[in-house]
Amino acid sequence: MPGVELVEAYVIQGGRPLNGFVRVHGAKNSVLPILAATILSGKESLIYNCPHLKDVDSSFRILRHLGCVVRRQDEAVYIDSGPIAHHDVPDSLMREMRSSVVFLGAILGRQGKAVMSFPGGCELGPRPIDLHLWALRKLGADIRESGGNLYCETNGLKGAEISLSLPSVGATENIMLAASAAKGVTRIQNAACEPEIEDLQNFINAMGGSIHGAGTPTVVVEGAREFRRAEHSIIPDRIVAATYMACAAIAGGDVTLTGVNPAHLRTVTAALSDAGCEIDVTEDSLRIARSDALKSMRQIRTMPYPGFPTDAQSPIMAVAARAEGTTLFVENIFESRYRHVGELTRMGADIKVEGRIAVVSGVKKLYGAHVKATDLRGGAALVVAGIGAEGETVVTELDHIDRGYESMHVALSALGANMTRKTV
Ligand code: UD1
């Protein structure tokens, strides 16, 4: 029809229980820094369990722009960073994926210089990189900020003592990457402890690097080692797992997630057990079942790992919206991470937000509506709500969701959901 723009949407007929098995794909937040790390070696890397995500494609474009050979077959990716010839990330690629700032440490480490635009503010509020820049300067980088661009150069990176004022995931990763190319030892204090940091350590060590302590607040990097060809398999995505757990919780039924690490999901498991779900785990699977009514959860405060992940806050909020009683959320990591609330309210949720606090008073029913994904995890929350709602939910702005979830409609349909992806 003239004048009417067609957009892609998830169309969900809610209210069906979910049953069966779903395999969880590799972690977005692991694969992105690991793809950046392949630059360091100048050798070949083989990455397994690589998810099919928009952010992964953006990383491939950055690697190819730099001169790397990148080939993908299903979940396996071959990268040869030997032929690297550039040291800049074009502005268009920086805009596609703000977390591309993690390429800074790796490019600087390999090329001795790096140019990229400033990532700036984003959908979660201001997302500063002051800690990244401060730490890279401590390692011997000369960084100039001019006209929205970052110009970094070094005469040679040197190991340093770096004590972070807060345990930033991206800053810890950038330091590990640059320090792996620096002469001497770097000790990072108050490092982020997320499982993805440990995965990066394991990959860098597989390339011949020497990092210890990832997963604890002190990470020690011995730099300038001889790198070699490496193979590595990406850990499972704990946030995708948490999202499917939320779907099972809101829909009811009996779902088993395979290819997961339940140890990475303890706080989410505790919250959904509170909500009345029955959860059993093995070493690499997690079964979640619910037959009784959903109950409110104890206060959910997002914290750095091993605390409750900020990325799981919105999918779990959709569950709280349908539970009996009131659940209080406190968002401690990002300033504006409640943008999904307005959309959940359109579906009948009763949520009051005041600064970092959201008071979710559960309602008996959510109703299908036309809603827009406001950001990656906020979009996932709308899918969770749609699965648990009465009637038809149409979720648009799928670009956000595609950054972090591989074909959600296929995975959820296989569990019995009535969910399609189509142009509307
Ligand atoms: C990573 C994850 C993201 C997750 C977040 C927190 C990736 C690609 N993304 O993002 O999904 O939500 O961790 O678990 O892995 N900060 C500063 N200065 C800095 C850096 C960060 O003030 O230089 C602040 C941020 O504004 C935020 C907090 O530190 O309030 C945590 O951010 P950080 O851990 O750096 O998150 P990201 O690495 O961006």
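1. In this predicted model, the domain assignment of the protein chain gives two domains, with domain 1 made up of residues 8-24 together with 236-423 and domain 2 spanning residues 28-233. The centres of domain 1 and domain 2, taken over C-alpha atoms, are separated by 30 Å, and their contact draws 23 residues from domain 1 and 19 residues from domain 2.

2. Between domain 1 and domain 2 an area of about 1900 Å² is buried, and carbon and sulfur atoms give 48% of that area. On the side of domain 1, Tyr305, Arg403 and Glu406 supply 33% of the area buried against domain 2, which is more than any other three residues supply.

3. As for the polar side of this interface, 3 salt bridges are counted between domain 1 and domain 2, and 7 residue pairs are in polar contact across the interface, both residues of each pair being at pLDDT 80 or more. Two elements, α12 (376-388) and α13 (398-402), give two or more residues to the side of domain 1 that touches domain 2, and of the elements on that side α13 gives the most, with 3 residues.

4. Arg403, one of the three residues named above for buried area, also forms a salt bridge with Asp55, in which the closest N and O atoms lie 3.1 Å apart.

5. Which residues of helix α9 are buried? In α9, which runs over residues 266-274, the buried residues are Val268, Thr269, Ala271 and Leu272. These buried residues are on the same side of α9, because they cover an arc of only 165° around the axis. This can be read against the general geometry of the α-helix, in which there are 3.6 residues a turn, so residues three or four places apart point the same way.

6. The cover over the buried residues of α9 includes two helices, α8 (238-251) and α10 (310-321), as well as the strands β16 (278-281), β17 (285-290) and β18 (300-301). After α9 comes Gly276, and the phi of Gly276 is positive, near 105°.

7. Is Ser117, a residue of strand β7 (residues 113-117), buried or exposed? Ser117 counts as buried because its relative accessibility is 6%, against a cut-off of under 20%. The side chain of Ser117 is joined to that of Asp91 by a polar contact of 2.7 Å. Asp91 is also among the residues that Ser117 touches when those up to four places away in sequence are not counted, the others being Val89, Met94, Gly148 and Asn149.

Notes. Residues numbered from 1 in each chain as written. Predicted model: local features only at pLDDT ≥ 70, side-chain atom pairs only at ≥ 80, totals over all residues. Heavy atoms only, no water. Buried < 20%, exposed > 50% of the residue type's maximum accessible area, 1.4 Å probe, protein only. Helix = DSSP H or I, 4+ residues; strand = E, 2+ residues; numbered from the N terminus. Arc of directions from axis to C-beta. Contact = heavy atoms within 4.5 Å. Domains from an automatic or database assignment. Buried area = accessible area lost by both parts, 1.4 Å probe. Salt bridge = Lys/Arg side-chain N within 4 Å of Asp/Glu carboxyl O. Polar contact = N/O pair within 3.5 Å; in protein donor to acceptor, adjacent residues only side chain to side chain.
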